[in-house]
Amino acid sequence: MNTVQLIAYGDKNIVLRDVDEPSQPGAGEVLVQVRFAPINFNDLMVAWGVYDWKPDLPEVLGNEGAGVVLAIGEGVTDLHPGTPVVLPFMARSWRERMVVSAKELIPLPPDADLQQAAMATINAVTAALLLDVYVNLQPGDAVIYNAASSGLGHWIAGLASRRGLRTIGLVRKPKDVAQVRASSGCDIVLVDEDGLSADDPRIVGLKIRLALDGVGGASAGRLAALLSLDGVLVAYGAASHEPMHISAQHLIFKRISVCGFFEGHPKHRAKIPETLTGLVDLLRPGGIQQPVAAVYPVTAIETAVEHAVKGGKVLLEFGALE
């Protein structure tokens with residue numbers, strides 16, 4: 001059975017290995033055929049040795065994925081062979097088949113998009129929690145966020161619009177403005193650059209109560225500058241690898257507050273199953289679509305990792321059902 005393992009720290013040490021098939025499922029367990037699993041930035045951070053989780057090696061990678069039930073163990077009544085499912089968070093999903101506790105799987109509608117479902121545990125759940133946890137947002141309030149072209153940005157826009165919230169997305173390049181507006185449904189898309197101002201006529205009058213930062217550096221400072229009085233800025237990533245450039249004036253005179261979000265924190269991780277269960281209908285046709293840069297068979301893992309390191313959402317495909 002094909003599996004992808006990290007054999008030493010560094011992205012050049014992510015290799016394909018042939019391992020024994022998993023055992024048949026025991027009581028309360030399910031055998032799952034993995035169909036798709038993304039290569040996320042946090043997977044690469046594990047490989048680089050800079051993530052909070054530093055496993056003993058060799059170790060299978062993969063923080064999320066989706067598949068189909070192949071067999072069930074004794075006592076499993078709510079799943080059956082053929083049921084599409086989302087794998088648990090940090091399931092080590094880069095392998096063709098795996099045995100999982102039935103209680104940890106999220107069943108999907110028969111028409112769910114398994115590629116989209118494979119990316120839902122992190123981006124969809126993170127977007128939902130970011131919109132729920134920090135500010136009691138009301139219809140008409142506005143949310144501003146950077147990295148608007150990302151999969152998480154698409155989920156923020158999609159969920160916010162369904163809640164009657166206004167969305168302001170920041171992108172790096174002018175050419176991305178129209179594309180992000182069309183693909184994500186974000187209300188206002190601006191280029192993330194010096195010169196952004198709360199006096200911009202496109203945002204004047206909006207009550208921007210929440211800012212979501214996945215970049216850090218100067219971009220975080222621009223988000224803070226656009227927040228309304230008593231707004232909240234939540235950092236969930238630091239793609240720039242730079243400290244947040246936030247003016248003390250915004251902290252003092254606008255009374256903004258700054259928080260950090262990590263999905264793996266116990267208080268957030270405990271909410272993943274319930275949150276994801278509430279989002280599965282949005283994985284059906286007509287739901288929220290994250291952009292996918294490429295899909296590679298697991299046998300092309302080296303090429304897939306090279307692509308992911310350069311940027312863009314890359315999925316691994318684990319073959320047809322048996």
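This report describes strand pairing, one helix, one pocket, backbone exceptions and cysteines in a predicted model.

## Strand pairing

Strands 2, 1 and 4 form an open sheet in the order 2-1-4, with antiparallel pairing. The edges of this sheet are strand 2 (14–18) and strand 4 (59–60), each of which pairs on one side only. Between strand 1 (residues 2–6) and strand 4 there are two bridges, and the two strands run antiparallel; at the residue level, Leu-6 stands opposite Glu-59 of strand 4.

Strand 16 (residues 314–317) takes part in pairings of both senses, since it is antiparallel to strand 3 (residues 29–39) over four bridges, while four bridges also join it to strand 15 (residues 294–297) in the parallel sense. In the pairing with strand 3, Leu-316 of strand 16 is the bridge partner of Ala-37. In the pairing with strand 15, Val-314 of strand 16 stands opposite Ala-294.

## Helix 3

Helix 3 comprises 14 residues (residues 120–133), and at 1.5 Å a residue it should span 20 Å, a value with which the 18 Å between its end C-alpha atoms agrees. The helix is mostly covered, with 12 of its 14 residues buried. The buried residues include Ala-120, Thr-121, Ile-122 and Asn-123 at the start of the listing, and Leu-129, Leu-130 and Leu-131 at its end.

## The second largest pocket

The second largest pocket has a volume of about 310 Å³. It is lined by 18 residues, of which Leu-87, Pro-88, Phe-89, Ala-91 and Glu-104 are the closest to its centre. Sorted by class, the lining of this pocket consists of 12 nonpolar, two polar and four charged residues.

Two of the secondary structure elements that contribute to this lining are strand 7 (97–101) and helix 9 (272–277), each supplying at least two residues. Strand 7 gives the most, with four residues in the lining of the second largest pocket.

## Backbone exceptions

Most residues other than glycine have a negative phi, and most peptide bonds are trans. Against that background, the bond joining Leu-57 and Pro-58 is a cis peptide bond, with omega about 0°. Pro-58 is placed in the loop between helix 1 (41–48) and strand 4, the latter being an edge strand of the open sheet described above.

Two residues that are not glycine have a positive phi: for Met-90 the value is about 60°, and for Asp-230 it is about 65°. Met-90 lies in the loop between strand 6 (84–86) and strand 7, whereas Asp-230 is found in the loop between helix 6 (217–226) and strand 13 (232–235). Their accessibility classes can be set side by side: Met-90 counts as buried because its relative accessibility is 18%, under the 20% cut-off, while Asp-230, at 44% relative accessibility, counts as partly exposed because that value falls between the 20% and 50% cut-offs.

## Cysteines

A search covering the whole structure finds zero disulfides. Two cysteines can be described by their accessibility: Cys-186 counts as buried at 2% relative accessibility, whereas Cys-259 counts as partly exposed at 28% relative accessibility.

Note on methods:
Residues are numbered from 1 along each chain as its sequence is written. This is a predicted model: local features need pLDDT of at least 70, side-chain atom pairs count only at pLDDT 80 or more; totals for chains, interfaces and linings use all residues. Side-chain values use heavy atoms; hydrogens and water are left out. A disulfide is a pair of cysteine sulfur atoms within 2.5 Å. Buried means under 20% relative accessible area, exposed over 50%, partly exposed in between (1.4 Å probe, protein chains only). The expected span of a helix is 1.5 Å times one less than its number of residues. On a 1 Å grid over the protein atoms alone, a cavity is a set of points where a 1.4 Å probe fits but cannot get out, and a pocket is an open set with protein on both sides within 12 Å along at least five of seven lines; lining residues have an atom within 4 Å of a point. Grid points are joined across faces, edges and corners, and a volume is the space filled by probe spheres set on the points. Ala, Val, Leu, Ile, Met, Phe, Trp, Tyr, Cys and Pro count as nonpolar, Asp, Glu, Lys and Arg as charged, and the others, Gly among them, as polar. Two strands pair if DSSP finds at least two bridges between them.
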